[in-house]
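Reader: Please take one part of this model and examine it closely, beginning with ring packing and working outwards to its setting. I would value the reasoning behind each classification as well as the values themselves.

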Amino acid sequence: MSLTRGPADADDVVQAACERALRAPEKFAPGTRLDAWMMRIIHNLWIDVYRKRRRETLEDTTDPINDRLGDDGRALVESRSELARTWRLVSALPEEQRSVLTLVCVEGLSYRDTADVLDIPVGTVMSRLARARLRLADELSQTDISATRTAERQ
């Protein structure tokens with residue numbers, strides 16, 4: 001449930017993971033940890049669901065049904081724009097950094113749990129996360145500077 005943050009989604013993902021594992025038992029390597037294998041399946045399924053929902057949410061931003069009456073909409077548009085920009089930057093990260101960033105910062109997994117899910121050492125999790133954070137901070141500060149300069153010219 002730490003991945004999904006909701007019992008209904010957790011039940012769905014666990015059920016789908018069990019079905020996937022039972023359909024392909026030959027993919028499990030005897031002598032390895034069954035729980036880590038199952039967690040990797042659950043993680044991959046959840047990432048698929050998460051990406052699908054993110055795409056649907058981003059595509060749904062102009063839906064008039066979602067607009068609130070009485071709001072000027074500026075704050076909502078700005079926050080959605082900022083979120084979309086941040087997700088574009090996250091999506092542009094190398095897969096190894098994006099996976100670690102998503103598991104730690106979005107899913108809330110510990111470094112140890114993230115290392116187990118991705119089957120990498122904890123130190124690698126920490127270094128990939130640090131590189132991802134630096135890259136995002138750099139990209140965000142560059143776009144903020146560009147936006148400030150553009151606003152100052154107008």
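Author:
**The ring pair and its setting**

W37 has a relative accessibility of 15% and therefore counts as buried. The model is a predicted one, and every value discussed here is computed from it. The result for W37 follows from a cut-off, because buried means under 20% relative accessible area. F28 has a relative accessible area of 21%, so this residue is classed as partly exposed.

These two residues belong together for a further reason. When the whole structure is searched for aromatic pairs, 1 is found. The partners are F28 and W37, with ring centres 5.2 Å apart and ring planes at 55 degrees, so the pair is described as tilted. The label follows because planes under 30 degrees apart would count as stacked and those over 60 as edge-to-face.

The setting of this pair is a chain with 6 helices and 0 strands. Along the sequence the pattern reads α-α-α-α-α-α. The protein chain has 154 residues, of which 29% count as buried. Among contacts in the chain with a separation of 6 or more, 62% are between residues 24 or more positions apart.

Two residues of helix α1 illustrate links across the sequence. A17 is located in helix α1, and its relative accessible area is 0%, so A17 is buried. Beyond neighbours within four places in sequence, A17 makes contact with M38, I41, I42 and L45. The C-alpha atoms of A17 and M39 are 8.6 Å apart, although 22 residues separate the two in sequence. V14 is also placed in helix α1, which covers residues 7–23. With 39% relative accessibility, V14 counts as partly exposed, because the value falls between the limits for buried and exposed. From V14 to H43 the C-alpha distance is 9.8 Å, over a sequence separation of 29 residues.

Further along the chain, helix α4 (residues 95–106) and helix α5 (residues 111–118) have axes that come within 10 Å and cross at roughly 135 degrees. This angle makes α4 oblique to α5, because only angles over 145 degrees would count as roughly antiparallel and those from 65 to 115 as roughly perpendicular. The crossing in which α4 passes α5 is right-handed. On the α4 side, the residues that meet α5 are S99, V100, L103 and V104; on the α5 side, they are Y111, T114, V117 and L118. Sorted by class, this contact has 6 nonpolar residues, 2 polar ones and no charged ones.

Burial within α4 takes in Q97, R98, S99, V100, L101, T102, L103 and V104. S99, V100, L103 and V104 thus appear both in that buried set and in the contact with α5.

Backbone angles add detail after each of these two helices. Following α4 comes G108, whose phi is positive and near 80 degrees. D119 is located in the loop between α5 and α6 (122–153). The phi of D119 is near 60 degrees, a positive value in a residue that is not glycine. With 60% relative accessibility, D119 counts as exposed, because that class begins over 50%.

To return to the starting point, W37 is buried and F28 is partly exposed, and the two form a tilted ring pair.

Terms used. Residues are numbered from 1 along each chain as its sequence is written. This is a predicted model: local features need pLDDT of at least 70, side-chain atom pairs count only at pLDDT 80 or more; totals for chains, interfaces and linings use all residues. Side-chain values use heavy atoms; hydrogens and water are left out. Axes are lines fitted to C-alpha atoms, for helices over the stretch in contact, and angles run from 0 to 180 degrees between N-to-C directions. Helices (H or I, at least four residues) and strands (E, at least two) are DSSP runs, numbered from the N terminus. Angles under 35 degrees count as roughly parallel, over 145 as roughly antiparallel, 65 to 115 as roughly perpendicular and the rest as oblique. A crossing is left-handed if the near helix is turned anticlockwise from the far one by less than a right angle, and right-handed if clockwise. Contact means heavy atoms within 4.5 Å. Ala, Val, Leu, Ile, Met, Phe, Trp, Tyr, Cys and Pro count as nonpolar, Asp, Glu, Lys and Arg as charged, and the others, Gly among them, as polar. Rings of Phe, Tyr and Trp (its six-membered ring) pair if their centres lie within 6.5 Å; planes under 30 degrees apart count as stacked, over 60 as edge-to-face and the rest as tilted. Buried means under 20% relative accessible area, exposed over 50%, partly exposed in between (1.4 Å probe, protein chains only).
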